[in-house]
Every structure is written in structure tokens, then in C-alpha cells.
Amino acid sequence: MEKYLIIGGKKLFGEVKISPAKNACLPLIASTIMFSGEFLLQNAPKISDVIIMAKIVENLGGSFIFTDKGLLLKTFNINSYSPSKEICCKARASFFIAGALLSRFKRAIVPLPGGCNIGIRPVDVHIDAFNQLGVDCIMDKDYVKFDANKMKSGMVSLKYPSVGATVNAICACVGLMGESLISNCAKEPEIVDLCNFLNLCGAKISGIGTSLIKIEGIALNKSLKIVHRPIDDRIEAGTFIFATAVTGGEIAFKYDNVCNICSAIKTIEKMGVQTRYEKNTLYVKSKGELDATQQVADVFPAFPTDLQSPLCSVCAYANGESVIEDRVFKDRFAFVKQLNDFGVNARVLGSQAVIKGSKINNPCTEKALDLRAGAGLVIYALGAQGESQIFGVDIIRRGYENLEQKLRLLGADIQYILS
Ligand code: UD1
């Protein structure tokens, strides 16, 4: 059995390296399926979600290898539009391949996705977008069958700015002759990264980073050779900021586009943590004295839902009552019940968590319920008085590269134990 053993109360000091974003890598890998080529995603983290996505490429006839430069994918020999259910059900983002498969084959059979247990995760927005492009989608219990023989460029209006549906709509339109307009798209930085990458591959996408994306279809290139560095992981950056907030200390990390983490920075500053951005580096300084906050997680540029559980842990150490609402995953509050189990005054009211913090909190013995709740547990344990045991390390490792090594280098007392 795997666990983290964390003795809390150690201040964090030093410099940490933020990895390229998992949530950028997954759509990038999915999109390579539409082309025939060789793609190096520089420094892509070798974590299980990224490996699963690369294995899907392999399952379709491509190949991948992690080198000292990053993840190298080859898609010359992709010859299948029907990936195996066994691989796809391991990651929610597996459904992101549908659009790229339709661009390449005009048909696809894609298993319904798995992934984190953070509430209902339907695919209706994806299906509706494909329908607007003229794709026939037939859904059964386990699969969606897509027939894109009548697929045409045109207008797509997303019912909700879903990240995954935006990925699928963009990938479906890149190879469609004519002009497509996708409105109400997600504006997340990972979508911007995908569009920049696709343009590097020859796509003609404009309106990048806005809610209206225009795509002029292209003939999909053969024999591409592309090198791209995915954007820095904003959720990992936020996790280290929040860990420092509860323990106290002073950390710094290089971060290229600080606008992507503005909402997390503003939130933590309001709670009493000092930050400074200079020469591409963010400096974070905390005395471990935190004020309560009110925060709403919503689509970018608002505070990200993926940092909602980590923020709840910070609130457990804040002076006063915090109220955290999640408008993206309205039921993503199982973690708050865990906090309550180990003595934090925390409760869920509808789509809000109400947390009354305390400077001193008990250690915990708990299992990570999902990836970001797992990060929340680690942050909580780093601040707690005494020894915590955190199970479900495999879930945390889906999204964090070398988390324990990085924390140890900053001075945390965290050990990985396999027994
Ligand atoms: C992506 C991220 C995930 C993040 C989420 C929201 C990846 C690999 N994952 O997930 O970490 O938490 O964005 O920022 O990038 N919805 C529907 N119908 C749909 C699609 C979505 O109702 O067809 C709902 C979802 O249930 C959820 C909300 O829309 O409540 C947001 O989902 P979406 O933006 O699609 O998230 P993902 O792309 O799955």
C-alpha cells in the first residue's frame, strides 16, 4: 500500500520548479492524432494521466517515448478510429480525442470517459457541438459512435464553455474546408496553448483566448515535425502557493505567464500572503497568519475549480469563517466533509463550503478522493501539528510530478512509503 507520511509544521523555503501543465498536455496529445507527424512536447510531465493519453495514441497505431527532452509522439501510422475502452476509461480527457479522430477519419467510436470522482461529468455539450457541425452521434451505455460524413464547417455555439467540448470543437474544425466560428468557448490558458500549438502545425485559428474562435480549415499536413513547450501548470503553481500560505515561509518559482495564476494570487494576497513577480519569477512570502476569505470558483479568468479543494485547506488555517462556492462542479465538496471528519469546523451548504479556520489543526489519516482533493489533503497535512498519513498517492500522482521530492526540497517533512 502506498502512502505519504507528512509531519506538519515545517516552513517552506527555497525555489521550486513548476512542470508543464497536465491539462495542457492532454488536449495537445489528443490533437496530434489528426496529423501525421512527429511531436515533441518539451518537458511534458511523466505522470499517469499524460501516460494514459499517450497510450491512447499508441493504441490507435501511433507511438510515444519519454526522452530527456520530453514526450515524443509519432502519429504517422495511426490507423484506428476506435481506441480501447480499457485505456480510455482511465482518464476523463480520453474523450478529447473525438474531434481529432473525426478530422482524420470522418468517423470515430469513443468510449465514454472515466476520470476523477468529482460529480456528474456528462458529454452533452460535446455531442451538441458535433451535431451543430453535422456529425451523427449515437450514444450507447459505453461508447459514442460518430459519423462525420456530412460534417461541414459553420457556426458552433457551445451550450456551456466546457474545456473539453472546446477542445473537441476546435479539433473537429481544423481539418474542415471553409470557415468555422465557435462561440461561447472556454478561455482557459490550456485552450490558448492548444490553439497556438495547432497554428504551429499549420492551422489557421484566430480569436485565441476569447470566447469566439474563428478557424479556417486546412488540408491536414503530412510529415509534420513540431517542437512545443506546453504552458506552465497553473494548478501546480497554486498548490505550492497555498502550501506555503499554511506553513509559512518564502518560496519562488519561474512562471512564464503570470496572468494565468492571477486569481489564485489575488485570493491568497487578500488572505495575508505577500507575492511579488519579477523577471519571470513569482516570490511568495507567508507568515502563516491568514485571514478568512470568500471565493467563487468559475470558468477562467475566475478562480479555478481545480484549486477549490486546496483553497479549502488554506481556509482551515485562516482566522474567521470562509465561504467557498464552486460554480463549475457544484458538488465538488466531498473533501470538505473529510476536513470536518478530522476536526475542522467545515460544512457544505448547497454549492458552498463554509469553513471556520483555526491556527492549529489535528493531523489526519485519510485517503485522497480525487486528484485535487488529494492536493488539498497534502496542504492540510503540511500545516497540521503532528504526523498525517495520506493514502491514494496514485490518485495524487495522476496530476503532480515529483510532488514529494519538490516539497522535500523546500523543507517539508514528507515521505513516500510503499508497504
Ligand atoms: C477540464 C479539466 C479539469 C477542470 C475542468 C474545469 C482537463 C483534462 N480537465 O475538464 O481539470 O476541472 O476543465 O475547469 O483539462 N459539463 C456538462 N456537459 C458536458 C461537459 C461538461 O454538463 O458535455 C459540465 C461538467 O459536468 C462540469 C462543467 O461542465 O460541471 C465543466 O466541465 P468541463 O469544462 O467540460 O471540464 P473538463 O473539460 O472535463
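I count angles under 35 degrees as roughly parallel, over 145 as roughly antiparallel, 65 to 115 as roughly perpendicular and the rest as oblique.

**Setup.** I am working with a predicted model, where local features need pLDDT of at least 70, side-chain atom pairs count only at pLDDT 80 or more, and totals for chains, interfaces and linings use all residues. Residues are numbered from 1 along each chain as its sequence is written, and side-chain values use heavy atoms, leaving out hydrogens and water.

**H10 and H11.** I looked up helix H10 (residues 308-316) and helix H11 (residues 334-341); helices here are DSSP runs of H or I, at least four residues, numbered from the N terminus. Their axes come within 10 Å and cross at roughly 25 degrees; axes are lines fitted to C-alpha atoms over the stretch in contact, with angles from 0 to 180 degrees between N-to-C directions. The two helices are therefore roughly parallel to each other. Ser 309, Cys 312 and Ser 313 of H10 meet Phe 335, Val 336 and Leu 339 of H11, contact meaning heavy atoms within 4.5 Å.

**The ligand.** I found 21 residues around the ligand, with Asp 124, Val 125, Ser 162, Asp 306 and Val 328 the closest; a residue qualifies if one of its heavy atoms lies within 4 Å. Next I checked polar contacts, which are pairs of N or O atoms within 3.5 Å. A polar side-chain atom of Asp 124 is 2.7 Å from a ligand nitrogen atom. A ligand oxygen atom lies 3.1 Å from a side-chain N or O atom of Arg 92, and a ligand oxygen atom lies 3.2 Å from a polar backbone atom of Pro 122.

Note on methods: Polar contact = N/O pair within 3.5 Å; in protein donor to acceptor, adjacent residues only side chain to side chain.
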